[in-house]
Structure formats: C-alpha cells, structure tokens
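Here are my notes after a pass through the model, roughly in the order I'd look at things. Have it open beside you as you read.

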Amino acid sequence: MIEIDLAQTPLRQANRRLQQVAPDSNERSFVIRNPQGAHAVAAGLTDPIEVTVEGHVGFYCAGMNKEAEVKVIGHAGVGLAENMMSGRVQVTGNASESAGATGHGGLLVIAGDTSSRCGISMKGIDIVVGGSVGHMSAFMGQAGCLAVLGDAGPSLGDSLYEARLYVRGRVASLGADCKEKEMTQHHLEKLGRLLDRAKVSANPRDFRRYGSARQLYNFKIDNIGSY
Amino acid sequence: MCGIVGLYAKKPAFREKLGAHLAAMLVEMSDRGPDSAGVALYRAPSEAGANKLVLHAAEGSIDWQGLSQAMGTAFGEQAELSLRGSHAVVTIKAPLTALRAWLVEHYPQARIVSAGEIIEIFKEKGHPREVVKQFGLEGLSGSHGLGHTRMATESAVTTEHSHPFSTGRDLCLVHNGSLSNHNRLRARLKKAGVEIQTDNDSEVAAGYLAWRLAEGDSLNQALERGIGELDGFYTFAVGTKEGFAVLRDPIACKHAVLAETDDWVAMATEYRAIAPLPGAESAEIWEPEPGRVYVWGG
Amino acid sequence: MTHQPTIPRTTPRPSSIFDDYTLSEIRRAAATGVYDIRGAGAKRPMPHFDDLLFLGASMSRYPLEGYREACNTAVTLGDRFAEKPIELKIPITIAGMSFGSLSAQAKEALGRGASAMGTSTTTGDGGMTPEERGHSTLLVYQYLPSRYGMNPDDLRKADAIEVVVGQGAKPGGGGMLLGQKITERVAEMRTLPQGVDQRSACRHPDWTGPDDLEIKIHELREITGGHVPIYAKIGASRPYFDTALAIKAGADVVVLDGMQGGTAATQEVFIEHVGIPTLACIRPAVQALIDADMHRKVQLVVSGGIRNGADVAKCLALGADAVSIGTAALVALGDNDPRWEEDYQALGSTAGCYDDWHEGNDPAGITTQDPVLSQRLDPEAAGRRLANFLAVMTLECQTIARANGKSDVRNLEPEDLVALTVESAAMAKVPLAGTDWIPGQGGY
C-alpha cells in the first residue's frame, strides 16, 4: 500500500505517479490522504490500480477514469468520474452536481445522495445511487443505466435518448420525452445484475423503469410544447 | 464570477478567531476570484443610538483623524476611529441620515462602504491574500461574516464594484453567478429611489433586496420574491444583523456547499474553503437546494 | 368615340424588408411549421475587412523586397503554460469541423492540405477519427458541451485542446446534426441511435462560467500532464470581457469566431441575428489582452469569413496572432463548385449559394455522409487544392506586409490601416481614409 499525502506532495506529482504505473509493477494499491477538497484528484488514471482517497474531494475526482478502482471515503464535489471510460468509482458519502457526467463506461456507485444532473449526457456509464438524485438527472442520457434507491428530483430524464433509468423512490417529475415503462423479467434481471455489481442490496421489483418516449427523435411541429 | 464564503459562530468561544477562519476560507477561493476581495464582518456592536460607518477614499485623499474630530464636533459627541488599510471605521452616537448628509457636504470624496450597528465591510482590488492582510482580518473577532473573491465578468475591477454590497443598515449581499436582466431592473430600482452606484449586476441584486425590505417584506419574503424577479444564474449569501441567508436560483449551475458542526455553520462555493475550519472532517455537509431560502441566526 | 389615353403604370416596387428571400421564408414556415435550418455563416452584408485598406509604402515608409528580404510567417501558439506549444509555419489554421458534418474524405483532404503547409486542423463536434489524427501533423481536439466521442486516449493524442464555449454562427447554441447524416459510423462515434436528429446541449454538462472553467482547465492539464496548450473558443459576443475571462480561466490561446463563421447546421435566425461581426471583435479582444499584459503571451486566433491574404493581414494588423478558416477551406476543397451546377439546381439552389448542408445531399461530396456523393471528392487532389490556397493566402499576406515595410507579418499594426466607412472605422478603431477621424475616439 503506497501512501501519498497531498499535504506534502503536489497534486501534479501525485497524479503523475498514479497515471504512470508500470504494467509489470507490483505497486497497484494507493492511499491518498488529506485531499482537503482538492480538485482533479486521481483524474486521468489508465491502469487497473486501486486508489483510496481518505477525505472529501473537490471537483472532477477520477475524471476520465480508465480501468482504475477509485474509492472516496468522504464526499465528492462536482463532476465526479466525469467522462469515465471503464473501471469503478465509489463514494461512501454524497456526490455533488453532474456525477458521472458524459461517462462512456465503468461503474459509479454513490452511497449517499447526489445533487442535480446526475448522469447528465451519460454515454454508457452505469451509475447506482444509494440515496436520492437532484433535478435534471440523466438529462440527455444517451446510453447506460442509472439506478436510484432513493428519490429523483424534478425533470428526470429530460430530453432522454436511450439511457435506462430505474428509481425505487418518488420521482418528483419527468422531463421532456421521458416516460415510465414496463418492468419485464429482462429488465428485472438486468437491474439485479447491476445492483449485484454495485454490491448494493435492494430488490429490483421495488423499482420503476423510465425511458425515452422517442417522440423527439425527429422534429415534428406537434411536439412544440416540449422544446 | 467568483467565490463566496460565509461563517457563523454558534458558540461565543468561536467568535474570537472568526476573522482568522474567514480569512483562511477567503484565500482558498483566490483561484476563482483573483481580481478583488471583500468581507462583511459582524462585530463590536455599537451602543444604543450610535452608528458605525466604514468609509473609504482614494489613498491619502482624506485625513481620517481630522474627519472624525470634525464629525465629533459637529454632532457634539465623541467619534471613535480605527483605521484598516484604505478604510476607516467611525462610530458615533448620531442619526444615520444626518451623518450621511454631513459627509456629503464636508467630505464628498468619502464613500460609505457600510453603515449599521454592528456590520463592518472591507473590500479592495487586489489578490485576496493581500486584501486580507491589508485589513488585518486575521486579528478580528466577530459573530458572523461573509466574504467574496471576485473574477470580474462584465463590469470593471474597482473597489466600488467589489462585493459585499451593502443594501441597508447591517445588511449586505455577495453573489456568485451572472444575472441576465439586471439592466432594466437597475432602472426600475433607481426610479424607486434606491441608490445604485455601479453597473455591476450584483449591486442590482443587493439594491433589489434593500428595496423589498424597505417596502416591508421580511428577508424570506424578499428573497422568495427575488426568485421570480431576478433572472440568470446565482448563488446569493446575504448578511443580516443576526446571521445570514443563502439562496440558489432554480437552475442551480453555480456550486455551493454548506457545513455545520456544534461550533459553526459555514457556506462556500467550493468545499476546499471549508476544509481548513476546525472540525471540518466530521462536519455535516450538504448542498443548498435550488430555489429554497436558508436562514441562520434569525 | 374619344380614345382613352393609357395611364402609365408605376414600376412594381419590391419592399426592402419584405424582400424575395423573406417572402419565401414566411411561405416555407407557414407550410412546414418548423424553423429553417441551414449551414454556412451569416450571409447578409455587414462591415467586413473589405472596408479597410492598407497604406503601403511612400515617402516616409519603405517596402521590403521579396526573396532574401525575408518576411516571417511562423507563429507559436500556446506558450503560456504548455510544455509543447504549437509551432505553425503560417498564421492560418483550419477551424473545427466535425466528421459527421463533413465526409471522411473531406476531413482527410483538410489534414493533407494543412500538413503540407505546416499548420493545424481541428476536430469538431463528434470526436477524433484515426484518419484525422493520421493525416494531420498538428491536430487540435475540440472539447464541446456534447462531449460526443470524448475520451482520454484521444485527448492525449491531441497537439492542443480547444474548449468550445461557443461559435460565431450561434453563440449560445449547441451542435446540430440531422438524422440523415447520422450514419452507422457517426452514430457509433456519438453514441446515438442511427437516423435520429441529434439534439445538442448548449452548455457544458459539468461547468458554467469562467470561474468553474478554470477548474475544468486544471483537470484537463492534470489528465494530459500539462504538455499541450489549451485554447478557449468563444463566439464573438462580448469580446473584451470574454477575452479577459478566458485569460483569467487559464487559457493559453483565445479563439474568437465572428458571426460570419460557418456551421454545419443551425437555425437561420441564429446565424443571422445573434453574434457580432468578425471585424468588430478584434480590437476589443486585443485591448483585453493588452490590459492584462498578455498580448503576444496569450495568443489570439480570429475566424469568421476570412477569405484571402488581405483578410489575414488585416486581422494580424489589428492585433491577432493568427486566423482560422472554415468556409474558405471547404470552397478550396471544392464546395459549391459550378461543375455540379445541374445538381445544385435539382436541389433548388445554385453554385455559390448552396447551404443546406444539414440535408446530407452535398453534390460536392463534402458536407455529406452519402457514400456515393462523398466518392466525388478525391482527398489527395483536394488536399493539394487546399495547400495551394493556403500558400496563396500566405504569399498575399506577405506581399502586403512587405509593402508596409514589415519583416514579420505580425509586425503589421493598426496604424497601417485606414477605413472606407464610418462603421468600419469605428469598429477597427482606424481613421477614415484621408482624415484623422476615428469615430468614438477623442470625444467625437
């Protein structure tokens, strides 16, 4: 276990260390201490290493993550795991706005709540939120899965493409072109597998599924109210 | 565009170092606000019937000692003076309107930065680290305070354009974001008799608040009404005699975080401004919801 | 019976505001219920570089000969913070245009032509293709609100990153690509269903405002190790403030795109009625750089209707460090060429006017994904045409610079210019020809 203390080590040096792990190296496990709300902690990782961050992080923690497993013991700021490609990012506390924004792959697990725009423009990332998500979550969500154990704030899935949304609690309101859809056996199994991967215990049957009504896919004047 | 911070002492023991803590929070927000900085500190209440004014003038253009003596003579009362960088804090037992009139007549080049029973506002151009030093913020006590670091967007970088903007007795506002309808609103407020000195959008928000309060709204009512009338992106922190309030616009793109321990409540644009506070690691941390008014201290 | 004299008729009088175009647009809107969408930039007349003239040499200023009396054209972009700034041989780059809006052959041609002349190309709102990276020696990678195709590997392959706040054709609008151009390959790159109309975000998903842009730029530097320059591209709107804020947010280079700057597709009203002319944005932007003591330290690239070496020279004289071309580059490749006139007419247009690039029917094979049409463009030949055009622009700029006594094109200055109209004099802050009057300066 290699320790990096951000109170002693400049962030650029710390990130460089994490980004340049040799493929045959045995140094695959890191602990970052004293983040003190710093931004871009563990951003741009490219290798299947494990990074644990002890404390609260600022914006863009684990931004553009590839392959790595990043765990934050604390809260995370704006844009957690934004544009993640693969790997796994986990937060024991809450995440702020735009968690998992534009992510292409990988798994993001937030034990607490997120604020607005969770999964905005998601492009394949899977996100599991133990608490609730704020307004405009999954805005323009293109692909991937968002599962929320708590509630969803107003305008869920506004302007949704093909991302799949599952919410266990209350949905304050649905966004343009987002509608509730049937939960079939296929979806129950898919959600079950996602929750298992996230190591979150919940019954898929308690969730409702939301997806695109696909009415905005090609412009029709009668949809003018949605624009 | 900017950084805003707020700190409120829940326990009297925390007040002594309030200035030092607020200073640390402010400096953390330098990257997003390098042009100027300001604080509103609520401290050292003046006695009943007295008013505390903070005055500013161009470097060396006013003999502050002379001013406070002349003021004392004019009103037949002892005027207390303390100097903080380019600002002068004058406390005297005299009505506010009379004091304003006297200053306009005898010292027109002096600008009133804040007025009230307890508030002290200091704001200057320059890097927050320098501004904090200039006002000796680290040595000041207080019950609560707001701070602001500024990255000027559409108006100039001057002392007058810096936040906090004072909107009335013991009242002030700091703003992160960008209002989109402030020009027409400014004209409306001026017509209603509100004094607006700059073309800064945040000053319009402060003026709007002052206007609503003067019209009899409570702070909550004024801020609620503001959600409908002020267009654009904003996180506001408002300072009052008793405490402070926070409001985010309904779209809520400008970040804000709140934290609370047994000793204090803090607010900041980024968590890293809260991190240096004692007990921050175990503080309760949450974000203000959009379109909802939060008030501490009354 | 008395013969009635014929009453002379008055000439039919067209309305200047309800002109032919406007009348046809109202009819089209009434028939369809949808706004008009098209490509290209603002087409209506407005003050532009033709309104400015260089003074040249005379009794008090002496010209340079050609040949060995060299006139340098090389420019370095992005040496404020980046370890590896961009070294251009000429002060003309190719602006951001996506694979998706353009065919793969067109992107390849742009890469070939730019690389032959030692300058850069730019990706667009769709991500980086391997062909594009392969054919361009210098490639700028756009970072847009949509984040289509964005990934750290491509980010690290780029020679520079251009954070797009907006573009001149639509400051405040997002990208647009209609279903007919969302082919299988485009759909895969953008993670969209094939054949749907792409709806694009107009704001970035995870930051708003220059104070948060600073944190985003910091993140991009952390991911790329601080090697490459970070540009901020903004549609011409509030050029003084926008430039000042881009500097404060930590950009290495500022790119300003005037309203004549083209787009693949957006609403006609956006193109013609939002954003300011390119000529109007340069002096305020340069003033912001000067006020921040950053002129020549943070470079300014100007785009939007740059058509020839004279336009290039005028932008540099007003204080820019380089220019970027989009529409002109496409025309050099073969866009709107009269050889396809029959096809343009079949589409209801004519060569030189065709701007329905969003429909994917481009006869020149450039703004289309149609496999048959895009074969019409030979990337090698088109690349040569672009290289020729860039060479001509450079030679023209050098000719003008030498005539004004400059051994470096960036030594051209505002005092080398005069204006033909009051508007252009006011915008460029140069005197009306033959006078010393600059409207708005000196109190009159």
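1. Let's begin where chain B meets chain A, keeping in mind that this is a predicted model. Across that interface there are 10 residue pairs in polar contact, both partners at pLDDT 80 or more. One salt bridge turns up there as well: the side chains of A:Glu97 and B:Arg248 meet at 2.5 Å, N to O. Each chain puts 15 residues into the contact, and about 1100 Å² is buried between them, with 50% of that on carbon and sulfur atoms.

2. Now the interface of chain A and chain C. Here 40 residues of chain A are in contact with 41 residues of chain C, and the buried area is about 3200 Å², 54% of it from carbon and sulfur atoms. On the chain A side, look for A:Tyr60, A:Met64 and A:Tyr161, which lose the most area to chain C and together make up 20% of what that side buries.

3. The polar side of the A and C interface deserves its own point. I have four salt bridges between these chains, and 20 residue pairs in polar contact with both at pLDDT 80 or more. Among the salt bridges is A:Arg12 with C:Glu222, whose side chains come to 3.0 Å, N to O. Helix H1 (residues 11-19) of chain A gives the most to the chain A side of this interface, with five residues.

4. On to the interior. The largest nonpolar core holds 72 residues, and the members with the most contacts inside it are C:Ile94, C:Ile282, C:Leu300, C:Leu318, C:Ile325 and C:Leu333. Helix H14 (residues 379-403) of chain C supplies the largest share of this core, nine residues. For a closer look, pick C:Ile282: beyond its neighbours within four places in sequence, this residue contacts C:Phe49, C:Leu300, C:Val302, C:Cys315, C:Leu318 and C:Ala320. There is also a second, separate core of 54 residues, including B:Leu26, B:Met29, B:Leu140 and B:Val265.

5. Helix H6 of chain B (residues 201-214) is worth a stop. Its 14 residues reach 20 Å from first C-alpha to last, close to the 20 Å expected. How many of its residues are buried? The count is 12 of 14, so the helix is mostly covered. Among the buried ones are B:Val204, B:Tyr208, B:Leu209 and B:Trp211, but also B:Asp201, B:Glu203 and B:Arg212. The buried residues pack against strands S9 (165-168), S10 (171-179) and S11 (232-239) and helices H5 (182-191) and H7 (219-229) of chain B.

6. Check both ends of H6(B) too. At the start, a side-chain oxygen of B:Asn200 comes within 2.7 Å of the backbone nitrogen of B:Ser202. Just after the helix, B:Gly216 has a positive phi of about 105°. Chain C has a glycine of this kind as well: C:Gly33, just after H1(C), takes a positive phi of about 75°. The 13 residues of H1(C) (residues 20-32) should span 18 Å, and the end C-alpha atoms are indeed 18 Å apart.

7. Finally, C:Leu420, in the loop between strand S14 (417-419) and helix H15 (422-428) of chain C. Is this leucine buried, exposed or partly exposed? At a relative accessible area of 49%, C:Leu420 counts as partly exposed because exposed would need over 50%. Leaving out residues up to four places away in sequence, C:Leu420 touches C:Asp50, C:Asp51, C:Leu53 and C:Leu432.

Methods
Residues are numbered from 1 along each chain as its sequence is written. Chains are lettered from A and ligands numbered from 1 in the order in which they are written. This is a predicted model: local features need pLDDT of at least 70, side-chain atom pairs count only at pLDDT 80 or more; totals for chains, interfaces and linings use all residues. Side-chain values use heavy atoms; hydrogens and water are left out. Helices (H or I, at least four residues) and strands (E, at least two) are DSSP runs, numbered from the N terminus. The expected span of a helix is 1.5 Å times one less than its number of residues. Buried means under 20% relative accessible area, exposed over 50%, partly exposed in between (1.4 Å probe, protein chains only). Contact means heavy atoms within 4.5 Å. A polar contact is a pair of N or O atoms within 3.5 Å; within protein, one must be able to donate a hydrogen and the other to accept it, and residues adjacent in sequence count only if both atoms are side-chain atoms. A nonpolar core is a set of buried Ala, Val, Leu, Ile, Met, Phe, Trp, Tyr and Cys residues joined through side-chain atoms within 4.5 Å. Buried area is the accessible area (1.4 Å probe) that two parts lose on being put together, summed over both.
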